[in-house]
Amino acid sequence: MRRARLHFAGIEIEFVDRDRALKQIEELAERGTWRVYIVYGPEGCGKTALLRQAKEVLEKDFDYYVVYVNPIAEKVDETLRFTPTIKDVVREVLNLFPSPYSAIVDVAISIASRVLKRFSRPRLAVLMDDVFQAVGVDKAEIYVKTLLNLIEYPPASYEKIVVLVSSSEGLTRRKVGRHRWAELLTLWNMPRKGFYQLYEFLPREKPLFEDVWRWTGGNPKALEELYRNGWSVERVVNKVILGRDLTYTFTKRWREHLEKAVEDPDYLWYGLDEVEELVRELVERNLIVYHLPPRNYDYWIDQPPPEKDPELGIGRYVAWQTPLHREAVRRALGNDSVFG
Ligand SMILES: Nc1ncnc2c1ncn2[C@@H]1O[C@H](COP(=O)(O)OP(=O)(O)OP(=O)(O)O)[C@@H](O)[C@H]1O
Ligand SMILES: [Mg+2]
């Protein structure tokens, strides 16, 4: 199978592992999606990488016209990607928008409907990476509905259509997930074997794999962060504390509950009404994933995490996004590290 070329820690590498996800993408390519598929997962778990890989496979192995959009890409030329044969359509649409990158999601939808009209019964894929963050929680539903309309009431007939949207936005999950038109698939951090391959790409003088696994729980972005920070767990954890605004007031207010959640994230699931607001805060700050689906394969893209892994902070219903996130809370509370 073809592999997308990706950048990881400043190195150009090929997409690794995720064998089950690749099979699932092939299945989607073969039959098309009749709903909008939303890939949801912890920050940095590999959603963008997966969508890039999907683009590669859909375009090259399955002859789809692909429109991929990422409104918050670090580089502007990564914001909008498309199959070269539709470049005229793309140019026409871009000319209609005064500032294309502010309205990039509308641009992508517009390109998609023109592709349907321009080509005879095409295969079309629309891949939207991290759009909820860009359009905002309020508009997430409207955009998903617009995408569904493209599937259900296309401006011209198509052979197959695949619509994938990715998000790490915990708050939008409920809003979007409650509709019949969205199919939610959760992507977890990488399984050990694949994560080891990424670890192997990094140059030597690195900590033992066991330690890296214990700190990151298989999250590739966390691995990248550690590497870029000279493997200083302390620095990375401090960045999380600052970035998620884990202030004295916040930890003071929620101390009792946070201490229990650090020991066992499922405490937040079984906790009383009084933790509801805390849960919201932790989801909004991208520290936990709340309401993990059953580990039944249907709900997951790629391998689900284990039922429970206390060492990595994974509970049955609630998980810390990575052990580093849990560690940040622990340190903000002024408690001893478990990392040693
Ligand atoms: N299967 C993979 N093979 C190779 N590299 C990967 C894979 N998954 C993730 N990466 C790399 O790990 C890093 C983090 O992944 P990525 O950016 O895809 O995560 P994300 O879930 O999109 O993050 P965010 O929530 O910040 O959008 C990137 O450098 C990416 O290229
Ligand atoms: Mg991403």
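A residue counts as near a molecule if one of its heavy atoms lies within 4 Å of it. In this predicted model, 22 residues surround ligand 1. The protein has two assigned domains, domain 1 (5-187) and domain 2 (192-298 + 305-332). Each gives at least three residues to the shell around ligand 1.

**The shell around ligand 1**
- His7, Lys47, Thr48, Ala49 and Lys221 come nearest to ligand 1.
- Strands β1 (5-8) and β2 (11-14) each supply at least two residues of the shell. Helices α2 (47-61) and α10 (220-228) each do so too.
- By residue class, the shell holds 10 nonpolar, five polar and seven charged residues.

**Polar contacts and cover**
- The side chain of Thr48 has an N or O atom 2.8 Å from an oxygen atom of ligand 1.
- Ala49 uses its backbone: a polar atom there is 2.8 Å from an oxygen atom of the ligand.
- A polar backbone atom of Cys45 is 3.2 Å from an oxygen atom of ligand 1.
- On its own, ligand 1 has 620 Å² of accessible area, and the protein covers 90% of this.

**How the domains meet**
- The C-alpha centres of domain 1 and domain 2 are 28 Å apart.
- Contacts link 22 residues of domain 1 with 25 residues of domain 2.
- About 2000 Å² is buried between the two domains, and carbon and sulfur atoms give 58% of that area.
- On the domain 1 side, Phe8, Glu43 and Leu171 supply 28% of the area buried against domain 2, more than any other three residues.

Terms used: Residues are numbered from 1 along each chain as its sequence is written. Chains are lettered from A and ligands numbered from 1 in the order in which they are written. This is a predicted model: local features need pLDDT of at least 70, side-chain atom pairs count only at pLDDT 80 or more; totals for chains, interfaces and linings use all residues. Side-chain values use heavy atoms; hydrogens and water are left out. A polar contact is a pair of N or O atoms within 3.5 Å; within protein, one must be able to donate a hydrogen and the other to accept it, and residues adjacent in sequence count only if both atoms are side-chain atoms. Accessible areas come from the Shrake-Rupley method with a 1.4 Å probe; for residues, only the protein chains shown count as cover. Helices (H or I, at least four residues) and strands (E, at least two) are DSSP runs, numbered from the N terminus. Ala, Val, Leu, Ile, Met, Phe, Trp, Tyr, Cys and Pro count as nonpolar, Asp, Glu, Lys and Arg as charged, and the others, Gly among them, as polar. Domain bounds come from an automatic or database domain assignment. Contact means heavy atoms within 4.5 Å. Buried area is the accessible area (1.4 Å probe) that two parts lose on being put together, summed over both.
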